[in-house]
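Biologist: Could you take one part of this chain and describe it closely, and then place it within the rest of the fold? I am new to this structure, so please explain each term as it arises.

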Amino acid sequence: MPTLSKRQFLKTLVGTAALSTWAGLEDTLANVAYVPSVTLAQQEDFWAKIRAVYPVTTDFIQLENGYYSLAAQPVLDSYMQHIRNVNTVSSYYMRTRQFADKRESQKQLATLLGCSSDELIITRNTTESLDTVIAGLNWKAGDEVIMAAQDYGAMLDMFRLQARRYGIVTQTLSLPNHPNSDSEIVSLYEKAITPKTRLLMVCHMVNITGQILPIRQIVEMAHRHSVDVLVDGAHAFGQLNFTLADLGGCDYYASSLHKWLGTPLGAGLLYVRRDKIPGLWPMFADSSVADDDIRKLNHTGTHPVATDLAIQDAIRFHKAIGIERKEARLRYLQRYWTNQVRHYPNIVLNTPEMPARSCAIANVGIIGKSPAELAKTLFDTYKIFTVAIDSDPANVHGVRVTPHLYTTTAELDSFVRALKELAA
Ligand SMILES: Cc1ncc(COP(=O)(O)O)c(C=O)c1O
């Protein structure tokens, strides 16, 4: 098969359009290299420059960045260039560089997460990652699984499906919105364990309230009972400064990259601890891959490879900003608005107050207004976009509010004014 020289190939793959914006970004960051993250978190002039590298809409105030968040302009430019380049050489790319490039993205993700690249695959999203584990385990009737009412609905559904198919038993606990301690949460999970418990699924960050859970303590407790732990890290990877070493050796970890890493839509990761790989059945067969090789879980068929390539651009942007600065700014933004309404009459915050228990995401309700009504009024009257969360089982009634790096404190001031007017 004819191959292009590395130089010719790079010329095809790397566009020049984006270079000026990358360079501008690097200059901006060089100026703050020695500013501590918590100090920088409060410097609006710096964050205004960061906002300028995102294609933010001016039609409304975007406070629903938890679903998926904007890719920065340099990442978007590179992504478009990848689409064009792949489209130019089409199957030539697919038959030559595709797999090596995907491996490189996988390697860079594994380094960020702190695992070996043969324990991680790139998926389309957290749903695919978690469902690969949930559907891939060799369930026996009577096996028990622990989860929480505050977990993501599609995953609870996936366990219900296994219950119908294999007769597994689901135990669903409910997390307090305002826990007093880590041990209160750990003991809730521990009490749900029985001799039949095989797996415990837990969110690293609860999506509807933003509550961060004590994963390391939960994993260590579960392992003492020989129970495996599947961590839903949809909102933690790219938002919180951690690696797998901080999580006590969890068995499986899943995340989406379009939420907090800033990739274009349709990228996720799944980590499976090496000794757990043989125990999973793949959804799509690939007899060329051994049972103990994680690639057996990654036979995707033909798919949009430009997204795999853009992961490297998103990582470059993410590392340039730096996870410590990112987490500090996101937590600052959330506390900037929540501190102004936490004890305000008729306003109810559904997110823990202690700084370490939350980051960008928080949830707020107004007494006497349904979450749907609140979200609608915020948008129709104030042009502020949030999402309504109204769940009796999860005990959360409010709108989820998620700022991002491109959110300004002026936008949050508008939001606080709106909340206070509506609560009056
Ligand atoms: C906690 C949690 N898990 C899983 C998902 C699913 O993510 P995706 O739609 O990217 O697969 C979400 C999406 O918001 C989530 O918040």
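Modeller: I315 is found in helix α13, which spans residues 305-321; helices (H or I, at least four residues) and strands (E, at least two) are DSSP runs, numbered from the N terminus. The model is a predicted one, in which local features need pLDDT of at least 70 and side-chain atom pairs count only at pLDDT 80 or more, while totals for chains, interfaces and linings use all residues. Residues are numbered from 1 along each chain as its sequence is written.

I315 counts as buried because 21 other C-beta atoms lie within 10 Å. A residue is buried if 20 or more other C-beta atoms lie within 10 Å of its own, exposed if 12 or fewer, and partly exposed in between, with C-beta atoms placed from the backbone. I315 touches Q108 and L112, leaving aside residues up to four places away in sequence. Touching here is contact, in which the C-beta atoms of two residues, placed from the backbone, lie within 7 Å. The C-alpha atoms of I315 and V75 are separated by 9.2 Å, although their positions lie 240 residues apart along the chain.

A second long-range pair involves D77, in helix α5 (residues 73-89). D77 and A310 are 233 residues apart in sequence, yet 9.6 Å apart in space from C-alpha to C-alpha. D77 is also buried, since 20 other C-beta atoms lie within 10 Å.

The domains come next. The assignment gives domain 1 (98-316) and domain 2 (324-423), and such bounds come from an automatic or database domain assignment. The centres of the two domains, taken over C-alpha atoms, are separated by 27 Å. Their contact draws 16 residues from domain 1 and 20 residues from domain 2. On the side of domain 1 that touches domain 2, there are six nonpolar, ten polar and no charged residues. In this classification Ala, Val, Leu, Ile, Met, Phe, Trp, Tyr, Cys and Pro count as nonpolar, Asp, Glu, Lys and Arg as charged, and the others, Gly among them, as polar.

One open sheet has seven strands in the order β2-β8-β7-β6-β5-β3-β4, with mixed pairing; two strands pair if DSSP finds at least two bridges between them. β2 (120-123) and β4 (169-173) stand at the edges with a single partner strand each, so one side of each has no neighbour in the sheet. Neighbouring strands of this sheet are turned by 15° against each other on average, direction ignored. Axes are lines fitted to C-alpha atoms, for helices over the stretch in contact, and angles run from 0 to 180 degrees between N-to-C directions.

Within this sheet, β7 (residues 252-256) is mostly covered, with five of its five residues buried. In a regular strand the side chains alternate between the two faces of the sheet. In β7, Y252, A254 and S256 point one way, and Y253 and S255 the other. β7 pairs with β6 (residues 228-232) in the parallel sense over three bridges, and L230 stands opposite Y252. With β8 (residues 268-272), β7 pairs in the antiparallel sense over five bridges; the partner of S255 there is L269. β6 is also joined to β5 (residues 197-203) by five bridges, in parallel, and M201 has L230 as its bridge partner in β6. Helix α10 (residues 182-192) lies across β3 (144-148), β4 and β5, at about 155° to β4.

S256 also belongs to the residues around the ligand, together with N125, T126, T127, Y152, C203, N207, D232, A234, H235; the criterion is a C-beta atom, placed from the backbone, within 6 Å of the molecule. By class, this shell has three nonpolar, six polar and one charged residues.

Another open sheet has four strands in the order β9-β10-β13-β12, with antiparallel pairing. Its edge strands are β9 and β12 (387-391), each pairing on one side only, and the twist averages 35° from one strand to the next. Five of the five residues of β10 (residues 362-366) are buried. A362, V364 and I366 point one way from β10, and N363 and G365 the other way. In the pairing of β10 with β13 (residues 396-401), over three bridges, A362 stands opposite V401 and N363 opposite R400. Helix α15 (residues 371-382) lies across β10, β12 and β13, at about 175° to β12.
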